[in-house]
Amino acid sequence: MTALDLSSPVAVVGTGTMGQGIAQVALVAGHPVRLYDVAPGRAREAADAIGARLDRLVEKDRLTAADRDAARARLTPADSLADLADCALVVEAALERLDVKQELFRALEDVVGEDCLLATNTSSLSVTAIGGALRNPGRFVGLHFFNPAPLLPLVEVVSGFATDVTSATRAYETARAWGKTPVACADTPGFIVNRIARPFYAEAFAVYEAQGADPATIDAVLRESGGFKMGAFELTDLIGQDVNESVTHSVWQSFFQDVRFTPSLAQRRLVESGRLGRKSGQGWYEYGPDAEPAEPHTAEPCRPPAYVAAEGDLGPASELLALIREAGIQVREDEEDHGTRLVLPSGGQLALADGQTSVEFRDVVYFDLALDYRRATRIALSASQDTAPQTLSEAIGLFQALGKDVSVIGDVPGMIVARTVARVVDLAHDAVAKGVATEEDIDTAMRLGVNYPLGPFEWSRRLGRNWAYALLDDLHLRDPSGRYAPSLALYRHAYATDKREGSTS
């Protein structure tokens, strides 16, 4: 099954931001495009807006004047659904209400030909439920573009329960012909991106609610240690707190209030107060010409230790040993395996976050996971009220000697980056096990859809396949609500790896 021929007309129903963006994508690809909106005059306004954006593309040398003129000639506002009768594809980008979409597609089914592909751009509703209103749900598919559609490459091609393989394939190939990167997924709450991305927000909010750190510090650690382009607080301010919370609530409800997707009470209070983010001038942060930028907590300079003793394999943090030596600090390695920690001159220990708390052990400081310890510019440390001041001082001085800013947070198990990555990896394994998508498509979706530095499976391979399971198992022991319980898929994955290596630990 091949992509739609460029001579085939494409219709977009709903002319808001997403509808206009999708129409522009199809138009620039070379299709005749029809625009329809239930509000009188809205389709013509949208056509004018698209024309203006094409003008800007010409000004930026991204489109020739001739191609712009040809595209404008192919763009037609439609006065009624009847004007869409000869279209080969209709993409709906209307109000996110099931009854509205079902009514629209029932009406379209009476107008378009039997071979017309019907698609919805819904981000939160069930493709199966929308298509269930049709006489022929086999030709119905989800085409979930990301905003802004002309710029972002990802398109989730969602097959409902009754979607024919040929329909999904044609939609997939058409999206690819339009210059997009399609990924195939089953109809599940949140599809790929909005399902697997939930922990990125949820764990940042959970650390904040536990008074582990303030938003600016959490965001800085996610960016400067985790490698994420934006922190969870600044990103939700950009998206809109109401929009982000609505998606979270929808996924949670669709999974029958699964505790793994529980919304944040702190975010709920933010929305209730009208602090919606950039668009309202206030969110987690203040905006406007007089707003002062929020600064992360950064520790004052401390003297580095003269040496550290390495006990066991530091796993994902093993690169630190080379960095410590390069900083001129002696590393004494113990060939016997006493654990996976660094012992400081004071006798205190430094360990990679593992889902346990500092208060459980005598004089231990935890440090957070980094995407790349060499390139990371900030490291978070976690200590309890019982941690010796000298131990914490030596730990701070050690990482400062490596050229890192240091943020000391509360005694939060799993810290910030580590617990976030572990939960993302877990949801990704669970999704594959349940037939939502392939590993490759999930990695592609998370890199392109939300700009993650690595896909979950790429991260899992880098960290060691048992790492996420062990950390979540530790967290689950300390919070037995089920939020951190590793999925059966992750358990099987970790156990199989250990068994091949001759270990069941």
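Start with the surface representation: the accessible surface of the protein comes to about 21600 Å², and 50% of that belongs to carbon and sulfur atoms. Keep in mind as you click around that this is a predicted model.

Now switch to cartoon and zoom out. You should find 19 helices and 15 strands. Along the principal axes, the C-alpha atoms fill a box of roughly 80 × 55 × 40 Å. The radius of gyration is 26 Å, which agrees with the value near 23 Å expected for a compact globule of 505 residues. Colour by burial and 54% of the 505 residues count as buried. If you draw a contact map, look away from the diagonal: among contacts with a separation of 6 or more, 69% are between residues 24 or more positions apart. Colouring by charge gives you 49 positive and 70 negative charges, and the mean positions of the two sets are 3 Å apart.

**Backbone oddities**

Most residues other than glycine have a negative phi, and most peptide bonds are trans. A few spots here go the other way.

Select 147 and 148. The peptide bond from asparagine 147 to proline 148 is cis, with omega near 0°. Proline 148 sits in the loop that runs between strand E6 (140-145) and strand E7 (154-159).

Next, pick aspartate 61, in the loop between helix H2 (42-59) and helix H3 (65-74). Its phi is positive, near 60°. Is aspartate 61 buried or exposed? It counts as exposed, because its relative accessibility is 72%, over the 50% cut-off.

Then jump to methionine 415, which also has a positive phi, near 55°. You'll find methionine 415 in the loop between strand E15 (405-409) and helix H15 (417-433). This residue is buried: its relative accessible area is just 1%.

**Two threonines**

Go to threonine 122, in the loop between strand E5 (117-120) and helix H5 (127-131). Threonine 122 is buried, with 1% relative accessible area. Show its side chain as sticks: which backbone nitrogen lies 3.0 Å from a polar atom there? That of leucine 125. Now expand the selection to whatever touches threonine 122. Leaving out residues up to four places away in sequence, you get Glu96, Lys101, Val127, Ile130, His144 and Phe191.

The other threonine to select is 248, and this one is in helix H11 (residues 241-254). Threonine 248 counts as buried because its relative accessibility is 9%, under the 20% cut-off. Turn on the side chains and look for arginine 198: a polar contact of 2.9 Å joins the two side chains. Beyond neighbours within four places in sequence, threonine 248 is in contact with Arg198, Phe261 and Pro263.

**Last stop: a glycine**

Finish at glycine 283, in the loop between helix H12 (265-272) and strand E9 (307-311). Glycine 283 counts as buried, at 1% relative accessibility. Which residues does glycine 283 touch, not counting those up to four places away in sequence? Asp237, Leu270, Arg275 and Gly277. Before you close the viewer, draw a distance line from glycine 283 to glutamate 440. The pair are 157 residues apart in sequence, and their C-alpha atoms are 35 Å apart in space.

Terms used: Residues numbered from 1 in each chain as written. Heavy atoms only, no water. Helix = DSSP H or I, 4+ residues; strand = E, 2+ residues; numbered from the N terminus. Rg over C-alpha atoms; globule rule 2.2 N^0.38 Å. Buried < 20%, exposed > 50% of the residue type's maximum accessible area, 1.4 Å probe, protein only. Contact = heavy atoms within 4.5 Å. Areas by Shrake-Rupley, 256 points an atom, 1.4 Å probe, with all protein chains shown as cover. Lys, Arg positive; Asp, Glu negative; His and termini not counted. Charge placed at Lys NZ, Arg CZ, Asp CG, Glu CD. Polar contact = N/O pair within 3.5 Å; in protein donor to acceptor, adjacent residues only side chain to side chain.
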